[in-house]
Amino acid sequence: MATKEYYQAELWLEGPVHIGCGHNLNKKEYILDKQNKRIWVPNFRKLINALNKSGLLAEYEKYLMSGDRRDLNSFLKQSALKLTYDQISQYSYDISSINWDQRMNDLSLTLKDAYYNPYIPGSTIKGALMRNLLYAEQLNAPVSGKAKLNELDRLASQNQRRNPRNSDINRIFFDDMRAVEKGLHSVLTNNRGIKEQIKLARYFQVSDSEPLDVVDLTLSQKIDSFRDRQENKLPIIRESIKPGKRVYFTISIDERFPYDIKDIEESLERVTEEMNRLYRTPFGIDPLEGPLLSIGGGTGFLSKSFMYARFGDQDGLTLTAKTLDLLFKKHKHKQDVREGVSPRTFKDTEYDGSYTEMGLCALHFHRIEG
């Protein structure tokens with residue numbers, strides 16, 4: 001019988017972490033209180049009961065169904081509902097660091113359990129750890145990207161007036177992704193004597209994190225920072241777990257998994273060094289020390305791509321620039337090659353008066369004996 005090793009893992013949040021749940025709140029579904037620099041997320045059962053008791057339910061239904069452009073705060077103020085916002089809300093956040101001078105934004109909510117407690121699913125952590133293992137492995141033997149560059153040029157000539165579909169670009173790199181993941185598959189003979197391909201990732205298990213509390217949430221605005229110190233605060237607002245929190249989960253590693261805990265730690269260190277060299281240093285950001293892991297939304301292209309690891313620095317730069325130029329023509333990413341870095345914006349956010357990277361975490365492991 002195969003043996004397993006178990007570890008208690010601690011994720012120390014250096015930056016806000018957003019794990020999208022697929023649900024957004026529009027301006028009629030949250031209360032923006034600019035005067036007090038707070039956003040309130042309603043408990044809709046309490047809100048409906050309060051409106052019903054005040055004889056305002058029909059007016060509220062009309063507001064929701066019509067083209068009324070007021071936000072929920074304006075509607076409630078003008079309807080003279082005699083309740084404070086904390087009496088009809090599930091939770092709230094301070095928004096003093098967010099630029100609300102632009103149009104009203106949708107809020108992208110983070111994942112929560114049935115009791116409204118945010119948590120990080122094991123699949124998210126496992127996916128990020130697996131990506132780091134594979135990224136570090138690719139650094140050992142990069143391949144030429146010239147054939148891929150030719151295919152991208154051909155695709156660009158066929159789509160001069162429109163952006164190609166993501167599937168067209170994915171098709172170009174499909175064989176490379178299979179090659180990257182090759183070490184995670186094995187052909188075994190089952191108990192019926194039939195050979196079958198086994199995904200070795202099944203021997204590496206990560207639990208969901210222990211739940212946190214809604215008071216551990218904040219809002220994070222997407223900020224694109226450029227090398228000339230200019231920045232662009234975008235109307236993309238994500239509900240996130242606050243920096244400074246510690247998140248706990250467990251890991252089990254079966255002996256049939258091709259990597260052990262030392263391999264995982266070394267991959268985190270090595271990928272951190274690569275992100276320093278390729279991304280932080282060109283933007284004048286002090287290099288960081290690992291073991292670090294980037295998870296969740298808003299972490300940027302490099303945290304989710306194998307381009308540089310697979311094809312090396314120069315081909316990786318050119319391939320990244322051409323891929324982004326195909327997808328987002330108006331941003332003229334071809335210029336990235338001349339600037340020597342692609343993407344040419346650094347993805348960060350602001351929290352408590354300081355700039356920080358989205359999704360950045362330190363990770364520590366403690367073996368569970370017995």
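In the predicted model, the lining of the largest cavity comprises eleven nonpolar, seven polar and four charged residues. This cavity holds about 290 Å³ of space, and among the 22 residues that line it, M275, R280, S294, S303 and E357 are the closest to its centre. Helix 8 makes the greatest contribution to the lining, with five residues, while helix 4, helix 8, strand 13 (292–294) and strand 14 (346–351) each supply at least two. A search of the whole structure finds two cavities of 30 Å³ or more; the second largest encloses about 30 Å³ and is lined by K222, I223, R238, G298, K347, D348 and M358, of which two are nonpolar, one is polar and four are charged.

Helix 4 (residues 122–138) and helix 8 (residues 261–280) also meet each other, their axes coming within 8 Å and crossing at roughly 70 degrees. Since angles of 65 to 115 degrees count as roughly perpendicular, the two helices are therefore described as roughly perpendicular to each other. In this contact, L129, R131, N132, L133, Y135 and A136 of helix 4 face residues of helix 8 that include D263, I264, L268, V271 and M275, and the contact residues divide into nine nonpolar, two polar and four charged.

The largest pocket contains about 980 Å³ of space and is lined by 32 residues, with F301, L324, L327, F328 and P343 lying nearest its centre. Helix 9 provides the largest share of this lining, six residues, and by class the lining of the pocket consists of 13 nonpolar, eleven polar and eight charged residues.

Methods. Residues are numbered from 1 along each chain as its sequence is written. This is a predicted model: local features need pLDDT of at least 70, side-chain atom pairs count only at pLDDT 80 or more; totals for chains, interfaces and linings use all residues. Side-chain values use heavy atoms; hydrogens and water are left out. Axes are lines fitted to C-alpha atoms, for helices over the stretch in contact, and angles run from 0 to 180 degrees between N-to-C directions. Helices (H or I, at least four residues) and strands (E, at least two) are DSSP runs, numbered from the N terminus. Angles under 35 degrees count as roughly parallel, over 145 as roughly antiparallel, 65 to 115 as roughly perpendicular and the rest as oblique. Contact means heavy atoms within 4.5 Å. Ala, Val, Leu, Ile, Met, Phe, Trp, Tyr, Cys and Pro count as nonpolar, Asp, Glu, Lys and Arg as charged, and the others, Gly among them, as polar. On a 1 Å grid over the protein atoms alone, a cavity is a set of points where a 1.4 Å probe fits but cannot get out, and a pocket is an open set with protein on both sides within 12 Å along at least five of seven lines; lining residues have an atom within 4 Å of a point. Grid points are joined across faces, edges and corners, and a volume is the space filled by probe spheres set on the points.
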